[in-house]
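Let's take a walk through a protein model together. Keep the 3D view open and turn it as you read.

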Amino acid sequence: MAAKNMGNIRIVSCIIWLAFFWLVECEDRRKPLRFDGKTGEFRILQVADMHYADGRKTPCEDVFPQQMPSCSDLNTTAFIRRLILAEKPHLIVFTGDNIFGFDASNPEISMNAAFAPAMLSNIPWAAVLGNHDQESTLSREGVMKYIVKMKNTLSQLNPPEAHVIDGFGNYNLEVHGVKDSRLVNKSLLNLYFLDSGDYSTIPSIPGYGWIKPSQQLWFQRMSLKLKRSYMKKPEPQKAPAPGLVYFHIPLPEYASFDSSNFTGVKQEGISSASINSGFFTTMVEAGDVKAAFTGHDHLNDFCGKLTGINLCYAGGFGYHAYGKAGWARRARMVVASLEKTEKGAWGTVKFIKTWKHLDDEHLTSIDSQVLWSKRSNSGRRKKQIGHL
């Protein structure tokens, strides 16, 4: 009888321990992201198109013949690990085609391996879906439901306040002011994540998916809510906090640029939906979005500004994704920096800059540019390149 009681005690203890662990993890997920109190920065690493499949068994695409014998998904993993160590991001964002479902024998195992560097780093991370994530044995909803349960992720299936919304993985994250500062309870940088779909389900409209009206309505309402909160007491601000938007499939407006008005390279066509959903106009009207970041077209890595919004690619990251031999896989960093007040305290966002890292011997950084600055925004509005 005593042995039986001891067994029951052990079971109850395990349940209590697991419940405590679950509560701690949930509590961690509720903690807001914050700017660094020492540097005044918030650093975001964007990883686009890992195309992860079966690890060591999965060969690389579009590398030199001499690289093939030793090249696999593990090269993708090694690249992420190097970037995390070098850049020490505060958030890692995966912008779709995280796994290449068609070649993934088990999507759960593939996702575990693909996101392992982020999970092991204990750095918060967020993900959206691309057009290949669901091409294995899990549905699109099933893939996102699996992601939101993974360690250290801030990903969400969908916003609880949006009862009817298309897609899976529409949500926002707030980046609050420095701890113990006067802006500790204000979101100084707003991050929006949207599911841009996979393929059109309307027979008369061929090609890729797009951001639907229900998603745009949620975005509009969330943007308005965040602006009102930011511009009201306590510590009311005069202008909205800057916003950044992440999704997979580029908008048709990405085709508005040529080599004279963007930074980076354009080596393939813009694979947007064959219709224009109007989401770019929705972002312009919202008034807080400073940049949008996508993947999908692996050989494009440019940023161009249109009507006050930077439209940016990250460039292909994964080694099982199509690429170009001799053109290094790459990732994009985005860093928002706070200004210092007259009293020496951290204030609101002063500027947002970006650059890319190449997967070479030195993790070479290229194409550094300022996406937005408070000073340029506060002056007389200048004529922007390209008008719709």
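Which cysteine does a disulfide join to Cys-303? The partner is Cys-312, and the two sulfurs sit 1.9 Å apart. Keep in mind that this is a predicted model, so everything here describes a prediction.

**The disulfides**

In total, the structure holds two disulfides. The other one joins Cys-60 to Cys-71, with an S to S distance of 1.9 Å. Where do Cys-60 and Cys-71 lie? Cys-60 is in the loop between β2 (41-47) and α2 (73-87), and Cys-71 is in the loop between β2 and α2 too, so this link ties together parts that are eleven residues apart in sequence.

Now for the twist of each bond. The link of Cys-60 and Cys-71 is left-handed, with -85 degrees about the S-S bond. For Cys-303 and Cys-312 the torsion is about 115 degrees, so that disulfide is right-handed.

Are these cysteines buried or exposed? Look down the table for the answer.

| Cysteine | Relative accessibility | Status |
|---|---|---|
| Cys-60 | 4% | buried |
| Cys-71 | 7% | buried |
| Cys-303 | 2% | buried |
| Cys-312 | 0% | buried |

If you number the bonded cysteines in sequence order, the pairing reads 1-2, 3-4.

**Aromatic rings**

Next, have a look at the rings. The count comes to 17 aromatic pairs. To describe a pair of aromatic rings, you give the distance of the centres and the angle of the planes.

Start with Phe-219 and Phe-279. Their ring centres are 5.4 Å apart and their planes meet at 75 degrees; an angle over 60 counts as edge-to-face, so that is what this pair is. Phe-219 belongs to helix α6 (residues 213-230) and Phe-279 to helix α7 (residues 279-286), so you're looking at a link between distant parts of the chain, 60 residues apart. Phe-219 is buried, and Phe-279 is buried as well.

How is the pair of Tyr-246 and Phe-293 arranged, stacked or edge-to-face? With centres 5.0 Å apart and planes at 20 degrees, the pair is stacked. Here the link runs between strands: Tyr-246 lies in β7 (residues 243-246) and Phe-293 in β8 (residues 289-294), so parts that are 47 residues apart in sequence get tied together. Tyr-246 is buried at 0% relative accessible area, and Phe-293 is buried with a value of 0%.

Rings can also join up in a group. Ring pairs link Tyr-254, Phe-257, Phe-262, Phe-302 and Tyr-313 into a cluster.

**Charges over rings**

Some rings have a charged neighbour. The charged end of Lys-212 sits over the ring of Trp-210, 4.8 Å from its centre. Likewise, Lys-340 lies over the face of Trp-346, at 4.5 Å from the ring centre.

**Zooming out**

Finally, step back to the whole chain. The protein has eight helices and 13 strands. Of its 388 residues, 53% are buried. How much of the contact between residues at least 6 apart in sequence joins residues at least 24 apart? The share is 70%. As for the outside, the protein exposes about 18400 Å², and carbon and sulfur atoms supply 57% of that area.

Definitions and conventions: Residues are numbered from 1 along each chain as its sequence is written. This is a predicted model: local features need pLDDT of at least 70, side-chain atom pairs count only at pLDDT 80 or more; totals for chains, interfaces and linings use all residues. Side-chain values use heavy atoms; hydrogens and water are left out. A disulfide is a pair of cysteine sulfur atoms within 2.5 Å. Helices (H or I, at least four residues) and strands (E, at least two) are DSSP runs, numbered from the N terminus. Buried means under 20% relative accessible area, exposed over 50%, partly exposed in between (1.4 Å probe, protein chains only). Rings of Phe, Tyr and Trp (its six-membered ring) pair if their centres lie within 6.5 Å; planes under 30 degrees apart count as stacked, over 60 as edge-to-face and the rest as tilted. A charge sits over a ring if NZ of Lys or CZ of Arg is within 6 Å of the ring centre and within 35 degrees of the ring normal. Contact means heavy atoms within 4.5 Å. Accessible areas come from the Shrake-Rupley method with a 1.4 Å probe; for residues, only the protein chains shown count as cover.
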